[in-house]
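Have a look at the chain below before reading on. The notes that follow walk from the overall fold to its core and then to its charged pairs.

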Amino acid sequence: MIVRNVEDLKTHGSYREKPGVWSSARYLLRRDGMGFTLTHTTIAAGSSQAMQYKNHVEANLIIEGEGDLTDLDTGAVHRLRPGTMYALDRHDRHRIDASTDMRIVCVFSPALVGPETHDADGSYPILED
């Protein structure tokens, strides 16, 4: 059984942030052997982030806050609010514009190692343990 809290994550290097923009509390990582990563991500009101996870697929569940998700290939805009899920199943280029502070539960596959940060195109690299 694995039980963790955010203080554990900060102590063990599984918490990343860009102050005033986003934070990522990474509760499950590759070393846990579950096959996926589970995070609690916060996005600050007024921030805008363009991303494309070229090496991972991701599912997201909005638990608090509102914003817009834009598919950067089609221009389609989807309203995000509590209870909305979106999955980036095709390595979709996308942008999130947060209207309010947002809290999101995210699942990544393959699992992250832990220290990943977004590169220039908004992707996470595949890291070795």
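Among contacts in the protein chain between residues at least 6 apart in sequence, what percentage join residues at least 24 apart? The share is 63%. Please keep in mind that this is a predicted model.

**Overall layout**

The protein chain holds 1 helix and 10 strands, and the helix comes at the N-terminal end of the series, with the strands following. Its length is 129 residues, of which 37% count as buried. The exposed surface of the protein chain comes to about 6,900 Å², with 52% of that supplied by carbon and sulfur atoms.

**The core**

The largest nonpolar core is made of 16 residues. Those with the most contacts inside this core include Ile 43, Ile 62, Leu 80, Tyr 86, Ile 96, Met 102 and Ile 104. Strands S8 (85-88), S9 (94-98) and S10 (102-109) each bring at least two residues to this core, and S10 gives the most, with 4 residues. Tyr 86 deserves a closer look: leaving aside neighbours within four places in sequence, Tyr 86 touches Glu 58, Ala 59, Asn 60, Ile 62, Leu 69, Leu 80 and Ile 96.

**A buried serine**

Ser 14 sits in the loop between helix H1 (6-11) and strand S1 (15-18). Is Ser 14 buried or exposed? Ser 14 has a relative accessible area of 3%, so it counts as buried. Beyond its neighbours within four places in sequence, its contacts are Leu 9, Ser 24, Ala 25, Arg 26, Leu 29 and Arg 31. Of these, Leu 29 is 15 residues away along the chain, with a C-alpha separation of 8.5 Å from Ser 14.

**Salt bridges**

A search of the whole structure turns up 6 salt bridges. Here are some of them, with the distance between the N and O atoms.

| Acidic residue | Basic residue | N to O distance |
|---|---|---|
| Asp 68 | Arg 79 | 3.1 Å |
| Asp 73 | Arg 93 | 2.9 Å |
| Asp 97 | Arg 95 | 2.9 Å |

Asp 68 belongs to strand S6 (residues 67-71) and Arg 79 to strand S7 (residues 77-80), so their pairing ties together parts 11 residues apart in sequence. Asp 68 is partly exposed at 23% relative accessible area, and Arg 79 is partly exposed at 36%. Shared partners also join Glu 66, Asp 68 and Arg 79 into one salt-bridge network.

The pair of Asp 73 and Arg 93 links two loops: Asp 73 lies between S6 and S7 and Arg 93 between S8 and S9, so parts 20 residues apart in sequence are tied together. Asp 73 counts as exposed, at 55% relative accessibility, while Arg 93 is partly exposed, at 32%.

Notes: Residues are numbered from 1 along each chain as its sequence is written. This is a predicted model: local features need pLDDT of at least 70, side-chain atom pairs count only at pLDDT 80 or more; totals for chains, interfaces and linings use all residues. Side-chain values use heavy atoms; hydrogens and water are left out. Buried means under 20% relative accessible area, exposed over 50%, partly exposed in between (1.4 Å probe, protein chains only). Contact means heavy atoms within 4.5 Å. Accessible areas come from the Shrake-Rupley method with a 1.4 Å probe; for residues, only the protein chains shown count as cover. A nonpolar core is a set of buried Ala, Val, Leu, Ile, Met, Phe, Trp, Tyr and Cys residues joined through side-chain atoms within 4.5 Å. A salt bridge is a side-chain nitrogen of Lys or Arg within 4 Å of a carboxyl oxygen of Asp or Glu.
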